[in-house]
Amino acid sequence: MKLVHIHGAWPLYTNTFLLITESGHAVAIDPAGSVEAYLQALMENQAELKEIFLTHGHYDHVGSVVKLRSETGARVHMDLADAKGTQMFPLTPSLVDCPWPETEGKLQLDELTFHIWHTPGHTPGGVVIACKNLLFCGDTLFAGGCGRTDLPGGDPAAMRRSLDLIKDLPLPDETQVYPGHEGFSTLGAERRSNPCLLGSWF
């Protein structure tokens, strides 16, 4: 497996990723950078984009989805609760090929197994995605913080439950935490010191 980190556009610089399997198939997570950046990375790695995974539907996490889907035929996975066709949630249900399962889900691509947990709070349709020793948290969990709940669809009580779920996930402390913005961390560091996981902020 190869992980490629691609930044989204200024000023939010959303963290987005390509995961490339040993067989040359790829998953894009929250593609918000330029379409050209993903296509270039795919070409350089002789990879084919098969899946697009979205941790939630905010505009700053989905900016390249429509064109990438058109250019590559990749399937879009997202919770339909975030497919509203608004300025904040631009994708519509017709653009979501595979809604996330209603409960904990598992998907396979070549040697990679992805585990998906629903984590509403920042948005109604938020999820976190684990693969091997990586946890992609979108805007639910940040290094030292968590996503805001005062935007449309935000829910502080749901966020509290989602943070408790993340804290207790059956993942080791060495798991690398990749949030939707800013720096990276480990799950152990967040369990020990993140005030959101420790219950100090909710």
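Which residues lie nearest the centre of the largest pocket? In this predicted model, they are Leu12, Asp60, Asp139, Arg148 and His181, which belong to a lining of 13 residues. The space in this largest pocket comes to about 320 Å³, and its lining divides by character into 5 nonpolar, 4 polar and 4 charged residues.

From the pocket we can turn to strand S10, which runs over residues 134-138. This strand is mostly covered, with 5 of its 5 residues buried, where buried stands for a relative accessible area under 20%. In a regular strand the side chains alternate between the two faces of the sheet. For S10, the residues on one side are Leu134, Phe136 and Gly138, while Leu135 and Cys137 are on the other, and both faces are covered, since every one of these residues is buried.

The pairing of S10 can be followed through two partner strands, S9 and S13. Strand S9, residues 127-131, pairs with S10 in the antiparallel sense over 3 bridges, and one of the contacts between bridge partners joins Cys131 to Leu134 of S10. These two strands form a hairpin with 2 residues between them, and in the turn Lys132 adopts a positive phi of about 55°. With strand S13, residues 176-179, the pairing of S10 is in the parallel sense and extends over 4 bridges; here Gly138 has Pro179 in S13 as its bridge partner. Strand S10 thus pairs in the antiparallel sense with S9 and in the parallel sense with S13.

Key:
Residues are numbered from 1 along each chain as its sequence is written. This is a predicted model: local features need pLDDT of at least 70, side-chain atom pairs count only at pLDDT 80 or more; totals for chains, interfaces and linings use all residues. Side-chain values use heavy atoms; hydrogens and water are left out. Buried means under 20% relative accessible area, exposed over 50%, partly exposed in between (1.4 Å probe, protein chains only). Two strands pair if DSSP finds at least two bridges between them. On a 1 Å grid over the protein atoms alone, a cavity is a set of points where a 1.4 Å probe fits but cannot get out, and a pocket is an open set with protein on both sides within 12 Å along at least five of seven lines; lining residues have an atom within 4 Å of a point. Grid points are joined across faces, edges and corners, and a volume is the space filled by probe spheres set on the points. Ala, Val, Leu, Ile, Met, Phe, Trp, Tyr, Cys and Pro count as nonpolar, Asp, Glu, Lys and Arg as charged, and the others, Gly among them, as polar.
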